[in-house]
Amino acid sequence: MRSTRDLKVEISRLNRLIARIEAKPQDEWAVWSSTLRDLVEEREVLGLVVLNRRLEAGKKVVSFRRWRDGPWVA
């Protein structure tokens with residue numbers, strides 16, 4: 001399991017990669033569109049994990065399983 005700090009570092013790395021792709025000329029976007037979409041999706045998922053951890057940590061009784069895996073895991 002990765003720490004929240006590791007996830008934030010990974011989100012920062014993804015932000016840099018996304019910015020580099022978005023800075024490419026428009027005629028190259030077709031080549032990079034699927035990669036860009038995947039990177040944005042990964043960033044959003046990691047952001048949701050960090051948000052979930054923050055919400056769970058704010059509760060008086062923390063469910064470690066929900067903190068680690070999120071509320072979508074049965």
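Which residues form a nonpolar patch on the surface, and what accessible area do they have together? They are Leu48, Leu51 and Leu55, with about 280 Å² between them. This is a predicted model, so every value here is computed from predicted coordinates. The patch is one stop on a short tour. The overall fold comes next.

The chain has three helices and zero strands. Along the sequence, the pattern reads α-α-α. The C-alpha trace spans about 50 × 25 × 20 Å along its principal axes. The radius of gyration is 16 Å, whereas a compact globule of 74 residues would have a value near 11 Å. Burial can be put as a share of the chain. Of the 74 residues, 20% are buried.

Start with helix α1, which covers residues 4–22. Glu10 sits in this helix. How many salt bridges does a search of the whole structure find? The search finds one. Its partners are the side chains of Glu10 and Arg13, with an N to O distance of 2.6 Å. That falls within the 4 Å cut-off for a salt bridge. Side chains of opposite charge can pair when their charged atoms come close. The spacing along the helix is worth a look here. Glu10 and Arg13 are separated by about one helical turn, because they are three residues apart in helix α1.

Are the two partners buried or partly exposed? Glu10 has a relative accessible area of 15%, so it counts as buried. The limit for that class is under 20%. Arg13 has 35%, so Arg13 is partly exposed. Glu10 also gives a link to a residue farther along the sequence. Glu10 and Gly47 are 37 residues apart in sequence, yet their C-alpha atoms are 9.9 Å apart in space.

Now move to helix α2, which runs over residues 29–57. Leu39 belongs to this helix. With a relative accessibility of 14%, Leu39 is under the 20% limit and therefore counts as buried. Pro25 is 14 residues from Leu39 along the chain. The C-alpha atoms of this pair are separated by 18 Å.

A charged patch comes next. Which residues gather in a patch of negative charge on the surface? They are Asp38, Glu41, Glu42 and Glu44. Take Glu44 as an example. Glu44 is located in helix α2. Its relative accessibility is 48%, so Glu44 counts as partly exposed. Patch members must have over 30% relative accessible area, so Glu44 clears that cut-off.

The nonpolar patch can be read in the same way. Leu48 is one of its members, and Leu48 lies in helix α2. Its relative accessible area is 47%, so Leu48 is partly exposed. Leu48 therefore passes the 30% cut-off as well. Set this beside Leu39. Leu39 is buried at 14%, whereas Leu48 is partly exposed at 47%. Both leucines are in helix α2.

Two arginines in helix α2 complete the tour. Arg43 is found in this helix, and so is Arg53. Is each one buried or partly exposed? Arg43 has a relative accessible area of 26%, so Arg43 is partly exposed. Arg53 has 4%, so Arg53 is buried. The two are ten residues apart in sequence. In space, their C-alpha atoms are 15 Å apart.

Arg53 has one further distance to check. Arg68 is 15 residues away from Arg53 along the chain. The C-alpha atoms of Arg53 and Arg68 are separated by 7.1 Å.

Look back at the main points. Helix α1 holds the pair Glu10 and Arg13, whose side chains meet in a salt bridge. Helix α2 holds Glu44 from the negative patch and Leu48 from the nonpolar patch. Buried Arg53 also lies in helix α2.

Definitions and conventions. Residues numbered from 1 in each chain as written. Predicted model: local features only at pLDDT ≥ 70, side-chain atom pairs only at ≥ 80, totals over all residues. Heavy atoms only, no water. Patch = residues over 30% accessible without salt bridge, like charges linked within 9 Å, V, L, I, M, F, W, Y side chains within 5 Å. Areas by Shrake-Rupley, 256 points an atom, 1.4 Å probe, with all protein chains shown as cover. Lys, Arg positive; Asp, Glu negative; His and termini not counted. Charge placed at Lys NZ, Arg CZ, Asp CG, Glu CD. Helix = DSSP H or I, 4+ residues; strand = E, 2+ residues; numbered from the N terminus. Buried < 20%, exposed > 50% of the residue type's maximum accessible area, 1.4 Å probe, protein only. Rg over C-alpha atoms; globule rule 2.2 N^0.38 Å.
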